Amino acid sequence: MIRFILAFIIAVLAGTVLTILNVPEILVFIIAYIIVFAVLLSPVLYSLYRSKNMEKLEKFLVKRQRHPYYQFIYGMANKNDSLIEEAFTKLQKKPRKKSFQAYIQTFYALYKRNTEEAKRFVNEIQTITLKNYYEVAIALEENNLQEAKNLMQKPLKPWMIHVLLAELEKKYGNLDKASEHANKALELTRGLQHYIMVKVFQREFQSNF
């Protein structure tokens, strides 16, 4: 409520200034609307993409458990099978872009360690770096380590490289190197991606990150 009032006040002030400057009325309404929208949405966008505060990210996800995507992310991060299944079922019932559904299906299949199912959907992921990331993840899950290393030559985001190298080194038994890559990946991520990785790495390495 406070944020809404703040947005309204800012919009009114901006509208007054723009009117004094003889800005056309339609532009005044458009700019005021953009200001209100930006103020109201900025905390959500910050949590999604910029925050590293685990307590705030946790509260953000818990508060939005009615939304199946956030429920799915929270369940995955905390390895809560009942939440994952409930959210996954809801996500399947809602019409969404094919690439997004492919991402969810691949993510879910790998969580279930069902690589054959993951292979069915991974090629439908349109974001190239994300598709490449999951191809390597599938190879690692199948213990095809040389294939995983070969696939890592494809375009990947820096944080993806370190996540995959952490898993690769872990499979080789090099836990110190794996931990180094995990920490580097956390340095490079923010928002919900950071939240998921912290939770997963805490389980994988039985350590606080």
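Which residue forms a salt bridge with Lys-131? Keep that one in mind while I set the scene. This is a predicted model. So today is about charged pairs, and then about one helix.

The answer is Glu-135, with the closest N and O atoms 2.9 Å apart. Both residues sit in helix H8, which covers residues 128-141. They are four residues apart there, so about one helical turn separates them. Now the accessibility. Lys-131 comes out at 15% relative accessibility, which counts as buried. Glu-135 is buried too, at 14%. The cut-off for buried is under 20%.

Next, the overall count. Searching the whole structure gives twelve salt bridges. I will pick out a few. The general idea is simple: side chains of opposite charge can pair when their charged atoms come close.

Take Glu-85 and Lys-112. Their closest N and O atoms are 2.8 Å apart, and they form a salt bridge. What does this pair tie together? Glu-85 belongs to helix H5, residues 81-93. Lys-112 is in the loop between helix H6 (98-111) and helix H7 (115-122). So the bridge ties together parts that lie 27 residues apart in sequence. Both ends are partly exposed: Glu-85 at 28% relative accessibility, Lys-112 at 41%.

Now helix H11, residues 175-187. Here Lys-184 and Glu-187 meet in a salt bridge, at 3.6 Å from N to O. They are three residues apart, about one turn of the helix. How accessible is each partner, exposed or partly exposed? Glu-187 counts as exposed, at 52% relative accessibility. Lys-184 is partly exposed, at 34%.

There is also a network. Salt bridges link Glu-116, Lys-119 and Glu-142. Glu-116 brings us to H7, where it is exposed.

So let's look at H7. Which of its residues are buried? Thr-115, Ala-118, Phe-121 and Val-122. Those four cover an arc of only 125° around the axis, and that puts them on the same side of H7. On the other side, Glu-116 and Arg-120 are exposed. What covers the buried residues? The cover includes H6 and H8. H8 is the helix we started with, home of the Lys-131 and Glu-135 pair.

To recap. One pair sits within H8, and another within H11. The Glu-85 and Lys-112 pair ties H5 to the loop between H6 and H7. And H7 has its buried residues on the same side, with Glu-116 and Arg-120 exposed on the other.

Terms used. Residues are numbered from 1 along each chain as its sequence is written. This is a predicted model: local features need pLDDT of at least 70, side-chain atom pairs count only at pLDDT 80 or more; totals for chains, interfaces and linings use all residues. Side-chain values use heavy atoms; hydrogens and water are left out. A salt bridge is a side-chain nitrogen of Lys or Arg within 4 Å of a carboxyl oxygen of Asp or Glu. Helices (H or I, at least four residues) and strands (E, at least two) are DSSP runs, numbered from the N terminus. Buried means under 20% relative accessible area, exposed over 50%, partly exposed in between (1.4 Å probe, protein chains only). The arc is that of the directions from the helix axis to the C-beta atoms. Contact means heavy atoms within 4.5 Å.
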